[in-house]
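Let's take a walk through this structure together, stopping at a few places worth a look. Have the model open and follow along.

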Amino acid sequence: MLESYEQVKAAINAEANAKYDAFNNPIVNSTYRTIGVRIPVMRKIVKATDINKRDGILNDFFVDGDKTFETVLYAGMLASRKGDYGKTREYLKKIIPLFGSWAHVDCVMSCLDWVDRELFASDFRYLLTCDGEYEKRTYLIYMFNFVDDDGIERVFETLQSVEYGQYYVDMGAAWLIAECLTKCYEMTLPLIESKTLPKFVHNKAIQKARESYRITDERKASLNTLKVK
């Protein structure tokens, strides 16, 4: 078991792969230095961490002056491990502003299927008013947990509230809308027909939905007619 931040960094560095890094670095487009550790390996390192040592490990992470893409990802995933939601919330409030890649957002949010979605949405709604694009994207990606008949109105309200114009915010919104179209097509179609979203978001959402195997060819053809010229 990994019991200290020093041990964690050593475990991460031991898995560095220069060839994978050359491939992955342009994709994650991180503001941090990357060393090329694959996501499944990062998950194993998180799982190998003694959860009882989480406080000390994360406290040392926060003061680390040489953070990498991988250490920030690790911190977010460790903070999100199932257990004490109160601690998870407080740690994420400090870690989310450190995100420097869309991959930080998407990987960490995927770890939170165990939390009460209404509580998380309420606790982190302030992210929509932050300046950082990864903070706003974080809230949008979490909204995937609301894409069902009971929660989709919350998604629509969020899409109308977010400030657009930052690339990873707009892409996150488009992906979210495409997911709504695949799971709740009839409920989402009026949003597309209204054409009230920014042109890029609107058209990208249609593109992503039409790329999905979960949408029928007939619906794909119909969506194609709703693109904004």
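Is Pro 198 buried, partly exposed or exposed? Keep in mind that what you're looking at is a predicted model. With a relative accessible area of 30%, Pro 198 comes out as partly exposed, because the in-between class covers whatever is neither under 20% nor over 50%. You'll find Pro 198 in the loop between α12 (185-194) and α13 (199-210). While you're there, look across to Val 228: this residue is 30 residues away from Pro 198 along the chain, and the two C-alpha atoms are 9.5 Å apart.

Now for the charged pairs. Side chains of opposite charge can pair when their charged atoms come close. Searching the whole structure turns up 12 salt bridges, and a few of them make good stops.

Start with Asp 64 and Lys 9, a salt bridge whose closest N and O atoms are 3.0 Å apart. Asp 64 sits in the loop between α4 (54-62) and α5 (69-79), while Lys 9 belongs to helix α1 (residues 5-14), so this pair ties together parts that are 55 residues apart in sequence. Both partners, Asp 64 and Lys 9, are buried.

Next, find Arg 117 and Asp 148, whose side chains meet in a salt bridge at 2.9 Å, N to O. Here helix α8 (residues 117-123) supplies Arg 117, and Asp 148 comes from the loop between α9 (133-142) and α10 (152-161), so parts that are 31 residues apart in sequence get tied together. Arg 117 has 23% relative accessibility and therefore counts as partly exposed. Asp 148, at 28%, counts as partly exposed too.

A further salt bridge joins the side chains of Glu 157 and Arg 125, at 2.8 Å from N to O. This pair also links distant parts of the chain: Glu 157 is in helix α10, Arg 125 is in the loop between α8 and α9, and they are 32 residues apart. Glu 157 is partly exposed at 34% relative accessibility, and Arg 125 is partly exposed at 31%.

Before leaving the charges, look for Arg 89, Glu 90 and Asp 123, which are linked in a network of salt bridges.

On to helix packing. Two packed helices are described by the angle between their axes and the distance between the axes. For α4 and helix α6 (residues 85-95), the angle is about 10 degrees and the axes are 12 Å apart. That angle makes α4 and α6 roughly parallel to each other, because anything under 35 degrees counts that way. Which residues do the meeting? From α4 come Arg 54, Asp 55, Leu 58, Asn 59, Phe 61 and Phe 62, and from α6 come Lys 87, Thr 88, Tyr 91, Lys 94 and Ile 95. Sorted by class, this contact of α4 with α6 has 5 nonpolar, 2 polar and 4 charged residues.

The last stop is Ser 30, in the loop between α2 (18-28) and α3 (39-47). Why does Ser 30 count as buried? The relative accessibility of Ser 30 is 16%, and buried means under 20%. A polar atom of the Ser 30 side chain lies 2.9 Å from the backbone nitrogen of Tyr 32. Leaving aside neighbours within four places in sequence, Ser 30 is in contact with Asn 25, Phe 69, Gly 100, Ser 101 and His 104.

Definitions and conventions. Residues numbered from 1 in each chain as written. Predicted model: local features only at pLDDT ≥ 70, side-chain atom pairs only at ≥ 80, totals over all residues. Heavy atoms only, no water. Salt bridge = Lys/Arg side-chain N within 4 Å of Asp/Glu carboxyl O. Helix = DSSP H or I, 4+ residues; strand = E, 2+ residues; numbered from the N terminus. Buried < 20%, exposed > 50% of the residue type's maximum accessible area, 1.4 Å probe, protein only. Axes fitted to C-alpha atoms, helices over the stretch in contact; angles between N-to-C directions. Parallel < 35°, antiparallel > 145°, perpendicular 65-115°, else oblique. Contact = heavy atoms within 4.5 Å. Nonpolar A, V, L, I, M, F, W, Y, C, P; charged D, E, K, R; others polar. Polar contact = N/O pair within 3.5 Å; in protein donor to acceptor, adjacent residues only side chain to side chain.
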